[in-house]
Amino acid sequence: MQQPSQELQTAIRAAQAAGAIMRERCGELSSSDIQAKESKDFVTVVDKACEAAISATIAESFPNDSMLCEEGTVMDGSSGRTWIVDPLDGTLNFIHSFPVFSVSIALRDSNQQLVAGVVYQPILNELFTAERGQGAYLNGKRIAVSARTDKESFLMATGLPFTNYSDYLDSSIVMLKEVIADSAGIRRAGSAAIDLAYTACGRFDGFWEYRLFPWDFSAGVLLVREAGGTVTNFSGSEDVFSSQSIIAGSEVTHPLLLSIAKRSFPE
């Protein structure tokens with residue numbers, strides 16, 4: 001692994017600072033520490049503390065960059081670059097002390113290209129990193145997407161509808177049924193950033209989810225692509241920012257998931 005850029009080093013510092021807050025507070029929340037943003041969607045004092053730590057770290061090193069964070073921190077910089085941040089991806093898991101949650105930080109340049117990304121899972125101390133054209137890494141070791149080709153061995157990942165889903169619940173169930181038939185199993189971890197990182201390192205053979213936001217997927221998309229995988233939306237376009245749907249996988253699993261998505265989610 002070559003020397004990380006200043007941008008990636010900054011993202012790593014920010015992610016690790018947020019991860020330290022998560023480790024300290026996991027299992028320690030009281031009801032007053034949790035608020036409902038909308039039905040079944042929550043934010044905690046830890047989400048906000050992590051976002052503050054991340055945004056301060058980035059702003060100190062790159063004060064002219066913009067920032068887009070899930071919990072509302074916005075910076076309008078002059079550089080044309082944007083940091084896209086989910087300070088705690090898997091908040092519901094965190095609230096329940098289910099130890100599957102992460103930090104996701106990505107940098108998009110002035111040409112709208114993802115150029116750096118970090119997904120950090122603090123409980124396992126797993127740091128996934130990538131820079132455009134430089135490969136993807138887990139704790140400094142190069143990673144690659146799955147090489148499996150047998151459908152009966154595939155372990156797939158997805159996210160399931162949990163709020164405001166009346167218009168796509170039926171389509172989600174149709175796709176779920178088809179993927180069940182074309183795989184050995186499906187997992188729903190509760191953190192899209194982790195799902196994508198695990199797809200990048202071959203733990204999952206593929207991942208799909210409908211209705212995601214840029215902070216959910218930006219770092220993970222770069223990880224999968226730099227690990228040799230393919231990521232598109234449900235229409236097959238590589239412009240993942242034009243819709244809220246993501247399909248990620250290998251040269252075998254991505255086409256499989258895409259064909260099912262096109263049947264299940266007609267235009």
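**Notebook: helices, cysteines and overall build**

I started at helix α2, where Thr-44 caps the N-terminal end: one of its side-chain oxygens lies 3.1 Å from the backbone nitrogen of Val-46. A reminder to myself before going on: this is a predicted model.

**Entry 1, helix α2.** I next checked the length of α2, which covers residues 45-61. With 17 residues at 1.5 Å a residue, α2 should span 24 Å, and I found its end C-alpha atoms 25 Å apart, which agrees. Then I asked myself which residues of α2 are buried. My list reads Val-46, Asp-47, Cys-50, Glu-51, Ala-53, Ile-54, Ser-55, Thr-57 and Ile-58. So Val-46, whose backbone nitrogen faces the capping oxygen of Thr-44, is also among the buried residues of the helix.

**Entry 2, cysteines.** Having met Cys-50 in α2, I wanted to know how many disulfides there are in the whole structure. The search came back with 0. Cys-69 is in no disulfide, and the nearest cysteine sulfur to it, that of Cys-50, is 12 Å away. A pair would have to come within 2.5 Å to count as a disulfide. I also looked at cover: is Cys-69 buried or exposed? Cys-69 has 4% relative accessibility and therefore counts as buried. Cys-201 is buried too, with a relative accessible area of 19%; the cut-off for buried is under 20%.

**Entry 3, helix α5.** Cys-201 took me to the helix at residues 192-200, which is α5. How many of the residues of α5 are buried? I noted 9 of 9, so this helix is mostly covered by the buried cut-off of under 20%. The buried set includes Asp-195, Tyr-198 and Thr-199, along with Ala-192, Ile-194 and Leu-196. Just after α5, I marked Gly-202, which takes a positive phi of about 85°.

**Entry 4, the whole chain.** Stepping back, I counted the secondary structure: 7 helices and 15 strands. The radius of gyration is 18 Å, close to the 18 Å that the globule rule gives for 267 residues, so the chain is as compact as a globular protein of that length. Along its principal axes, the C-alpha trace spans about 50 × 45 × 35 Å. Of the 267 residues, 53% count as buried. For the surface I wrote down about 11600 Å² accessible, with 48% of that belonging to carbon and sulfur atoms. Last, I looked at contacts with a separation of 6 or more: residues 24 or more positions apart account for 61% of them.

How values were computed:
Residues are numbered from 1 along each chain as its sequence is written. This is a predicted model: local features need pLDDT of at least 70, side-chain atom pairs count only at pLDDT 80 or more; totals for chains, interfaces and linings use all residues. Side-chain values use heavy atoms; hydrogens and water are left out. Buried means under 20% relative accessible area, exposed over 50%, partly exposed in between (1.4 Å probe, protein chains only). Helices (H or I, at least four residues) and strands (E, at least two) are DSSP runs, numbered from the N terminus. The expected span of a helix is 1.5 Å times one less than its number of residues. A polar contact is a pair of N or O atoms within 3.5 Å; within protein, one must be able to donate a hydrogen and the other to accept it, and residues adjacent in sequence count only if both atoms are side-chain atoms. The radius of gyration is taken over C-alpha atoms; the globule rule is 2.2 Å times the number of residues to the power 0.38. Contact means heavy atoms within 4.5 Å. Accessible areas come from the Shrake-Rupley method with a 1.4 Å probe; for residues, only the protein chains shown count as cover.
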